[in-house]
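Work through the exercises below with the sequence and the model side by side. Try each task before reading its solution.

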Amino acid sequence: QTATPNEIMETSANNAIQTFYEDVIKGLTTTPKRLNSMYFYDAVGDKIFQELMDCPEYYPTNCELEIFKTKTAELAQTIMGSGDAFDLIELGAGDATKSSFLLKHLQSQQVNFTYLPIDISANVINYLTVKLPLTIPGLKITGLNGQYFDMMKQAAALSNRRKVVLFMGSNIGNMPVNEAVEFCKVLRNHLEHGDMAVIGFDLKKSPKTILAAYNDQGGITKRFNLNLLHRINRELDGNFDVSQFDHYATYDPETGACKSYLISQKEQTVTIGNQTIYFAKDEHIYMEISQKFTITQTDQMAASSGFKPVDRFFDIKKWFVDAIWVA
Ligand code: AVJ
């Protein structure tokens, strides 16, 4: 008996829900409590993140956009290497707003490359494969919907051309430094000697500037965090009284760790499925880290994961860097 495509889709959706449930319960039954920020990005979370990118305090997206808009030719030159055909892979492509500038440039120079966006969202991949060839005529695109490294194996099976991997947006900052190093090692193991990575790092800067970006006046970051509680209510049969949790952000200039928490406003219990979770008044849930780096730290990360830094591109304020590493 073979499963129909619908049954396969249902099974993988059930698995995703099951994993989400297990992660949430595990996180809320350990001390201190924690949730994983990768779950911020459901359809509502995606929308709130878009709003966040448009708010005055949240600078990282605009900085990296500036780099891709103004340093396009230099960036293209660096990743093109000897000029042979290559595959340009993007991890977590989203709507590809920033990378589009690079794609347009490469295409206009008639560079021989294929763009392989990887995203966990099927929506994103469908959108990109339909939309990008319309705005960038002639673009060769193969969308890959799934986990980063599963899809990188797919990409390697599709062609043996040199690979350039984009991992932008300081997404690397959403891992604690030791995990980020592990991530880079795994990335390196999926690449061959001579392949490249373009990694976006948010840099250390005025602590007030950083804290404001994660504690905006309009309360968008707060809504972004609280949405995960709503999502748990929606998808996992939870009964969080979301109004009884407040957002609290910190930045430590010494370690470069910017962290956000939700604080229970009273003693309360919450049920999720058949589990009951107790919250003391003022107890926190650790929600997210957005690590900030020095250039030296980015070089160290390259070295400890088997890459060599070859070039780097800054915005005019030097708030953000796209580092180019070679495997
Ligand atoms: C997904 C890494 C771009 O950490 O800056 C924004 C997510 N969290 N505000 C970041 C986020 C709170 C964001 N990135």
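The exercises cover a helix, two sheets, the ligand shell and some backbone exceptions.

This is a predicted model: local features need pLDDT of at least 70, side-chain atom pairs count only at pLDDT 80 or more, and totals for chains, interfaces and linings use all residues. Residues are numbered from 1 along each chain as its sequence is written.

**Exercise 1. Helix α5**

Task: Compare the span of α5 with the expected span, and find where its buried residues lie.

Solution:
- Start with the definition. Helices (H or I, at least four residues) and strands (E, at least two) are DSSP runs, numbered from the N terminus.
- α5 covers residues 97–108, which makes 12 residues. From first C-alpha to last it reaches 17 Å, close to the expected 16 Å. The expected span is 1.5 Å times one less than the number of residues.
- Next, list the buried residues of α5: Lys98, Ser99, Leu102, Leu103 and Leu106. Buried means 20 or more other C-beta atoms within 10 Å of the residue's own; exposed means 12 or fewer, and partly exposed lies in between, with C-beta atoms placed from the backbone.
- Look down the axis. The buried residues of α5 fall within an arc of 130°, so they line one face of the helix. The arc is that of the directions from the helix axis to the C-beta atoms.
- Recall the general rule: an α-helix has 3.6 residues a turn, so residues three or four places apart point the same way.
- Now find the cover. It includes α3 (60–70), α4 (72–80), β2 (86–91), β3 (113–119) and β5 (162–167). Contact here means C-beta atoms, placed from the backbone, within 7 Å.

**Exercise 2. Two open sheets**

Task: Give the strand order of the seven-strand sheet and of the four-strand sheet, then identify the edges of each.

Solution:
- Two strands pair if DSSP finds at least two bridges between them.
- The seven-strand sheet runs β4-β3-β2-β5-β6-β13-β12, with mixed pairing. Its edge strands are β4 (144–145) and β12, each paired on one side only.
- At one end, β3 and β4 are parallel over two bridges. Ile118 stands opposite Leu144 in β4.
- At the other end, β12 (308–314) and β13 (320–326) are antiparallel over six bridges. Phe314 faces Val321 in β13. The two strands form a hairpin with five residues between them, and Lys318 in the turn has a positive phi of about 60°.
- The four-strand sheet has the order β1-β11-β8-β7, again with mixed pairing. β1 (33–34) and β7 (245–252) each have a single partner strand, so one side of each is left without a neighbour in the sheet.
- β7 and β8 (257–264) run antiparallel over eight bridges. Tyr248 stands opposite Tyr261 in β8.

**Exercise 3. The ligand shell**

Task: Which elements each supply at least two residues of the shell around the ligand?

Solution:
- A residue is near the ligand if its C-beta atom, placed from the backbone, lies within 6 Å of it.
- The residues around the ligand include Tyr214, Thr221, Phe224, Glu288 and Ser290.
- α10 (220–236) and β11 (284–291) each supply at least two.

**Exercise 4. Backbone exceptions**

Task: Is Ala96 buried or exposed, and what of Asp237?

Solution:
- Ala96 has a positive phi near 60°. Its place is the loop between β2 and α5. With 24 C-beta neighbours inside 10 Å, Ala96 counts as buried.
- Asp237 also has a positive phi, about 60°. Asp237 lies in the loop between α10 and β7. With 12 neighbours inside 10 Å, Asp237 counts as exposed.

Technical notes
Two residues are in contact if their C-beta atoms, placed from the backbone, lie within 7 Å.
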